[in-house]
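Reader: I should like to go through the charged contacts and the pockets of this structure in turn. Please set out the reasoning behind each reply.

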Amino acid sequence: MVLGTASHVGKSIITTGLGRVFADDGYRVAPFKAQNMSLNSAATPDGGEIGRAQALQAEACRAMPCVEMNPVLLKPSTDTGAQVILLGKIWGQVTASDYHTRRVEQLFPDVLNAYKRLSANHDLMLLEGAGSPAEINLREHDIVNMRMAHAADAACLLVGDIDRGGVFASLLGTLELLEPADRA
């Protein structure tokens with residue numbers, strides 16, 4: 001799993017590059033991002049919607065893009081609300097508060113089932129986190145970072161962006177804010 005110290009530190013690009021490397025080495029590899037937030041989406045061959053980054057990652061992996069690669073796509077519609085795309089189809093409209101306090105728990109079984117279906121047909125899964133796994137205000141209901149890492153029993157890489165400044169503090173701060181079991 002590729003995790004980051006923040007948004008926009010290079011998680012998607014690192015995941016894409018690793019996908020191509022493993023595909024070139026002969027592995028059947030697939031990307032997986034449990035939850036993505038983006039207004040930009042890509043269509044799968046069967047007409048479902050996934051994040052554009054996961055579609056690019058699928059291409060790098062030489063895999064056919066499918067809704068299981070990004071089971072939950074959040075498309076912001078207001079400052080405090082979003083349309084939820086579940087497994088490629090519109091599921092509903094939610095406020096941020098409703099989503100984080102109730103809906104993630106409702107949707108996580110679908111996320112796990114999507115991961116299981118996808119991983120059953122691949123030698124290697126490349127998971128991507130979102131934002132930072134150390135967001136203590138979001139940790140309890142986070143389904144895209146450490147909860148998913150544990151569910152997949154994934155080895156984790158932590159990515160930081162030196163060009164943004166403060167990369168060493170960001171790396172150390174991320175590790176320090178993680179629960180002890182997650183630091184490993």
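Reader: Which residues are linked in a network of salt bridges?

Author: The model is a predicted one. The structure holds nine salt bridges. Some of these residues join in a network, whose members are D98, R102 and R103.

Reader: With which residue does E128 form a salt bridge, and where in the chain do the two lie?

Author: E128 sits in the loop between β9 (124-127) and α4, and its partner sits in the loop between β2 (29-32) and β3. The pair thus links distant parts of the chain, 95 residues apart. The closest N and O atoms are 3.3 Å apart, and the partner of E128 is K33.

Reader: Are K75 and E49, which meet in a salt bridge, buried or exposed?

Author: The N to O distance between the side chains of K75 and E49 is 2.6 Å. K75 belongs to strand β6 and E49 to strand β5 (residues 49-51), with their positions 26 residues apart in the chain. As for their accessibility, both K75 and E49 are buried.

Reader: Why does R147, which forms a salt bridge with E105, count as partly exposed?

Author: R147 in helix α4 and E105 in helix α3 are 42 residues apart in the chain, and their closest N and O atoms are 2.9 Å apart. Buried means under 20% relative accessible area and exposed means over 50%, so a value in between is partly exposed. E105 is partly exposed at 34%. R147 counts as partly exposed because its relative accessibility is 24%.

Reader: Which helix supplies the largest share of the lining of the largest pocket?

Author: The largest pocket holds about 880 Å³ of space. It is lined by 41 residues, and those closest to its centre are S7, N36, M37, A130 and G131. Among the elements that each supply at least two lining residues are α1 (11-24), α2 (52-60) and β8 (89-95). The largest share, four residues, comes from α3.

Reader: How many nonpolar residues are there in the lining of the second largest pocket?

Author: About 250 Å³ of space lies in the second largest pocket. Its lining has 18 residues, with M146, C156, D182, R183 and A184 nearest the centre. α4 (146-152), β10 (157-159), α5 (167-177) and α6 (180-183) each supply at least two of the lining residues. By class, two are polar and three charged, and the number of nonpolar residues is 13.

How values were computed. Residues are numbered from 1 along each chain as its sequence is written. This is a predicted model: local features need pLDDT of at least 70, side-chain atom pairs count only at pLDDT 80 or more; totals for chains, interfaces and linings use all residues. Side-chain values use heavy atoms; hydrogens and water are left out. On a 1 Å grid over the protein atoms alone, a cavity is a set of points where a 1.4 Å probe fits but cannot get out, and a pocket is an open set with protein on both sides within 12 Å along at least five of seven lines; lining residues have an atom within 4 Å of a point. Grid points are joined across faces, edges and corners, and a volume is the space filled by probe spheres set on the points. Ala, Val, Leu, Ile, Met, Phe, Trp, Tyr, Cys and Pro count as nonpolar, Asp, Glu, Lys and Arg as charged, and the others, Gly among them, as polar. A salt bridge is a side-chain nitrogen of Lys or Arg within 4 Å of a carboxyl oxygen of Asp or Glu. Buried means under 20% relative accessible area, exposed over 50%, partly exposed in between (1.4 Å probe, protein chains only).
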